[in-house]
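Reader: I should like to work through this model feature by feature. Could we begin with its interior and then turn to the strands?

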Amino acid sequence: MNGRVVLELPARAEYLLLARLAITGVGRSAGASEETLADLKLAITEAVANAVKHAYPEGEPGRITVELSASAQRLEVAVSDAGRGLRPGNAEPPADDGPREEGMGLSIIRAIADEVELGPGPDGLGTSVRFACAL
């Protein structure tokens, strides 16, 4: 399968499932193993949850864009928002001195993916996390 899927979602936790279902469908169509699919579902859950939690002030409506691109050898994911953006010091995971609640999402994504990029979202607003996995 070669293709691209784009989801525009409200920045609310109840839409995490749609991102997980989309990556499962795209991953299966591209021939990903069940183990790779499980990793991808965890990574996309972390990326979308970070955007839901951190991008917009509580109660303020916002949107998250999820882009999935697949080929026979690779699946690429981009999760972006137009929210508050990265604050200094948030681009790197915390030091590995024990479990923490904050900052684990990006560490999990980095452990799962072959490539990870973190930066500003579309038009320089918000945040975008892009990651890719070999299939």
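Author: Let us start with the interior, bearing in mind that the model is predicted. The largest nonpolar core comprises 31 residues. Those with the most contacts inside it are Ile-44, Val-48, Val-66, Leu-68, Val-77, Val-79 and Phe-131.

Reader: Which helices and strands each supply at least two residues of this core?

Author: The contributing strands are β1 (3–10), β2 (63–70), β3 (74–81) and β5 (127–134). From the helices, α1 (16–30), α2 (34–54) and α3 (104–112) each give at least two residues as well.

Reader: What pattern do the elements follow along the sequence?

Author: The chain has three helices and five strands, and its order is β-α-α-β-β-α-β-β. Among contacts with a separation of 6 or more, 63% join residues 24 or more positions apart. Buried residues account for 40% of the 135 residues.

Reader: How should one read the pairing of a strand, and with which strands does β2 pair?

Author: One asks for the partner strand, the sense and the number of bridges. β2 pairs with β1 in the antiparallel sense over eight bridges, and with β3, also antiparallel, over seven bridges. As individual examples, Glu-8 has Thr-65 in β2 as its bridge partner, while Glu-67 stands opposite Ala-78 in β3. A hairpin of three residues joins β2 to β3.

Reader: Is β2 mostly covered or mostly open?

Author: β2 is mostly covered, with six of its eight residues buried. As a general idea, side chains in a regular strand alternate between the two faces of the sheet.

Reader: Which residues does Val-66 contact beyond its neighbours in sequence?

Author: Leaving aside residues within four places, Val-66 is in contact with Val-5, Val-6, Leu-7 and Leu-9. Its further contacts are Ile-44, Val-48, Ala-78 and Val-79. Ile-44 and Val-48 fall within the range of α2 (34–54), and Ala-78 and Val-79 within that of β3 (74–81).

Reader: Turning to Thr-127, is this residue buried or exposed?

Author: The general approach is to compare the relative accessibility with a cut-off, here under 20% for buried. Thr-127 has 14% relative accessibility and therefore counts as buried. Thr-127 belongs to strand β5.

Reader: What does Thr-127 touch, not counting residues up to four places away in sequence?

Author: Thr-127 touches Val-79, Ser-80, Asp-81, Gly-85 and Leu-86, together with Leu-118, Gly-119, Pro-120 and Gly-121. Val-79 thus appears again, having been listed among the contacts of Val-66.

Reader: What of the surface?

Author: The chain exposes about 7,500 Å², of which carbon and sulfur atoms supply 51%.

Note on methods:
Residues numbered from 1 in each chain as written. Predicted model: local features only at pLDDT ≥ 70, side-chain atom pairs only at ≥ 80, totals over all residues. Heavy atoms only, no water. Helix = DSSP H or I, 4+ residues; strand = E, 2+ residues; numbered from the N terminus. Buried < 20%, exposed > 50% of the residue type's maximum accessible area, 1.4 Å probe, protein only. Contact = heavy atoms within 4.5 Å. Areas by Shrake-Rupley, 256 points an atom, 1.4 Å probe, with all protein chains shown as cover. Core = buried A, V, L, I, M, F, W, Y, C linked by side-chain atoms within 4.5 Å. Pairing = 2+ DSSP bridges.
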